Amino acid sequence: MMAGATAVPLTPPEHKAAAFRPWYHFNRDLKANSHGLLAQQLDLPALQEALGALPSWLAGIGGATEQVAWINTLLAQVWPILDPAVWPILDPVVCQLIRSTIEPLLDDMKPPFIATMGFQKLTLGELPVQLEGLRVIGGDRQGTSANEDAHDGAASDCAKAAGQGTSANEDAHGGTASDRANAAGEGADKADRLELEVDFHWVGEPNISFFVELALAGPYTRLVPKVSNLSARGTLRLGLTRLVPQLPGFGALLVSLAREPQIKFSLDFGPALGGRFTAKPVAAFLDPFLRDTLATLVVWPNRFVIPLLPREVTGNLDDLGLHSVGVLEVEVLSAKHLPKKGGAFSTVDPQVELWTQPQHHVTSSVKKSTRNPKWKNQKLEVLVQEPASQQLRVVLQDIDMLNFKELMQVNLLKGASQLMRSANPIGRTALPLRDICGKPYERQEVELRLSGSEWAYELGVVDEGDTASLNLALTYRPFTELKADSSTPISCRGVLIVDVRQAVDLPPGDWDSGDSDPYVLLKVAGQKQQTVVLPHTRSPTYNAHFEFFNVTVPDTLQVQVWDRDYLKPDDLLGFCDLPVKDILTWSQGGGRGWRDGWWRLQPKGSKGWGRRGRQQQQQAQITAERPLVVAHRGASGKLPEHTREAYLLAIQEGADFIECDVVVTKDLQLICRHEPQLNDTTDAAEKFRDRSKTYEIDGANVTGVFASDLTLAEVQQLRATQRLPLRNQSFNGKFSIPTFAEYLDIALQAGRPVGVYPETKHPAWHNSLPALKAANTTIEKLVTNMLKSKGYDTSAPINSTAWLARPIVLQSFEINSLRRLHELTPVPLVYLLDDAPDPQTRQPLFEIVSDANLAAIESFVTVVAPWKGLLYRVSTDGGVKKLASTGLTARLKQKGFIVHTYTIRNEPQFVLPTCGDDIECEFRFLFKSEGIDGAFTDYPGTLVQWLDKNYR
């Protein structure tokens, strides 16, 4: 056998390893460097190491648009690092914000053939945004604002002279009206706001689909249109403001769009039921809704205010929101050279539409068949929020009374109103208001060239083919100059601004579910506006803003809450009427004409707006036959106790008195809190955890953060919380802590006599504090001095004319505190009793109610208020348990005392034994059986309604 072989030389193992060693080390070092970069925190040194030297222009961006290729490179390289950690958290939050904002708008604006609609799926894409330009807004500054008087609720245009004044007044106010307007335009916030405009392009590949159910067959006609090929291009307006001495140096970020963005997308209905006939009218609604309505939601001056630091650092950021600061009157004069859009034989029926905010448009009358229209006495009014940067948007449009286009498209289901009228834009322009607002009260005529271009592309820039023009006369009136009060002539016109925030405990409108689908309808001066419909709730939150022009003093604002029904007429749930003359009185005494509070709704079929019969007599006699309602720490069953909002709600629910527990701060300021220890009713434990101490109060050690260890400025950083866990906790952290002075102001500004019922809280302990001793004062002196400073006549005896105008009683658990108060004032004093001894004298209850002691205190105590547990005992009659009186009420009345009791609470665990969850059973025992003269309650509205039924 023959065999052959070829010799193949082999590399020894050690030589093979040597050949691959350089590549191995290179690959290992590359991986190590990559892992090191991914593990770094993205601070400035890390970015410099990852991306090389920073471009020099980032150190000080100029006014011109910069090339941003470097930033896009940064985003592309950083995004893979941020995306896995940040986006899964951010995406649901952003999507929930979008849902909560857009779905109510969809429900309110949907055409009648759609029963319900909303988001089927909503997730945003994972691709980073691409930046196309970046610039600082400098020189011709935009975005500065004058919000000092942003909340003027009623401003009369007949009060111009009040703002002009004499030279002395001008000096006192810092110059002439023009100077002040210029100052407002430039703004005091010029030095503490950095503003950028960022041009962007985003193609995020989101997953967005809607569900649509038609009215005829509900779920059986469900469509699921999907948004595809979505892209957006626009200009973001970013404002860093509220300079603070803490990184990043700014307290808040203002986010808005500089102008309407370009949005492109497609709607894919898939195999829709009914084919194109069904899908086409749905698309005809969704398409303009997505392109036009949503695109304008955050266009400047609208903005989102995003806190960058905690509230205790930034302070209140409410002033950074959108607030009106003036009125712009626009007189439409004439137009000329309007083009024909429909050919040689077409006609033009022009109408002018204008706005300063995308949500609030006003229109002129329509002129028939003319290319050169003239208007007479055509005055329109809009509000101005940012006079230094805002623009007046103007569109001149051709009105067709029959919408042939929609008719030919078989969009009959869109509704007759859309078929009978269509508006086709002829031209548009955008007029900056800076110069106009810089000359308040001066009528300025302008001629505007109109452009046929879209806003998002050229923002009204005209070309040689645009010949149309529009003449307007504009007059700006800042709110800083407009003042009105109850003496304003009834012929004067003004602006009424209404913010509808929320409602609570509405009656059920749907008998089957016990829920309501409520919306609020506002009527005044022949104008009507309404909120969106919020389905399936009896405590809706709207946060809706409305503006009414040409309102006069005799007018009345009618507020109606309706339940939306789709198969029968809507049901009226409640209403209240607010006379404009009453609104004007709220601005007297230097106020801004703005009232923030709760109003009690009157049930359907009632007359008036919820005042009880005795309250209409403008008296609140403490010895009235009808029992008095004392709102215990405000309407504390519904809102966190001792807050402005709880007091206002109690007043609107008809309470006779609002009660306040008074404690003292470190700098001897009085605030309203249940206890000097703040942990149980505020977020003090979180914000001042290092200030916790232990004090002995009334024989017991109490640990926490105390008001006496905080200054008033520190207390104002706190926010109230609901003390009882079983109650609604959703308002925690929303309301500030009122001072005793603010509590008194709430009662004084109620529009009717509302009594105040302050308690000196732990007075012996307070008076032992070093701060009070050093000042040679007591809590009793501090309280009575504040009452005098607010105009309460503390020398007025009970039921005197002065007392009835401003009812007041003072209360305490300590008899010696009442003795000190009696030396300072003759106002009625209330001795509070419970089953424990007097906190200071340690006198037991049986001695307190003895004949000898009652005789000793009757000279200075008017009311005795026992805890309700002292008024009853449970007896058994034939095996049935029932309530029986202890006789204490009758004993106190026999000795000549008025008897109040505390505290009525609606929750079943607090209702008297044998009553179960029937709160009216407790009412019958206390008021009908015991004859109580007044009661503290956490739910004043419930007690008021029962008294309305059972007492005249």
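The exercises below, each with a worked solution, concern strand pairing and ring contacts in a predicted model.

**Exercise 1.** Determine in which sense strands E20 and E21 pair, and over how many bridges.

*Solution.* Begin with the two elements, strand E20 at residues 518-524 and strand E21 at residues 527-530, which pair in the antiparallel sense over four bridges. Next, follow valine 524 across to its bridge partner in E21, which is glutamine 527. Finally, look at the hairpin of E20 and E21, where two residues lie between the strands and alanine 525 takes a positive phi near 50°.

**Exercise 2.** Classify the aromatic pair of phenylalanine 657 and tyrosine 757, and explain the choice.

*Solution.* The structure holds 14 aromatic pairs. In the pair of phenylalanine 657 and tyrosine 757, the ring centres are 5.7 Å apart and the planes stand at 85°; because planes over 60 degrees apart count as edge-to-face, the pair is edge-to-face. This pair links distant parts of the chain, since phenylalanine 657 belongs to strand E26 and tyrosine 757 to strand E30, 100 residues apart. As for accessibility, phenylalanine 657 counts as buried at 1%, and tyrosine 757 is likewise buried, with a relative accessible area of 1%.

**Exercise 3.** Classify the pair of phenylalanine 923 and phenylalanine 927, and place the two residues in their helix.

*Solution.* The centres lie 6.4 Å apart with 50° between the planes, and the pair is tilted. Both residues belong to helix H26 (residues 919-929), and because they are four residues apart they are separated by about one helical turn. Phenylalanine 923 and phenylalanine 927 are each buried.

Notes. Residues numbered from 1 in each chain as written. Predicted model: local features only at pLDDT ≥ 70, side-chain atom pairs only at ≥ 80, totals over all residues. Heavy atoms only, no water. Pairing = 2+ DSSP bridges. Phe/Tyr/Trp six-rings, centres within 6.5 Å; stacked < 30°, edge-to-face > 60°. Buried < 20%, exposed > 50% of the residue type's maximum accessible area, 1.4 Å probe, protein only.
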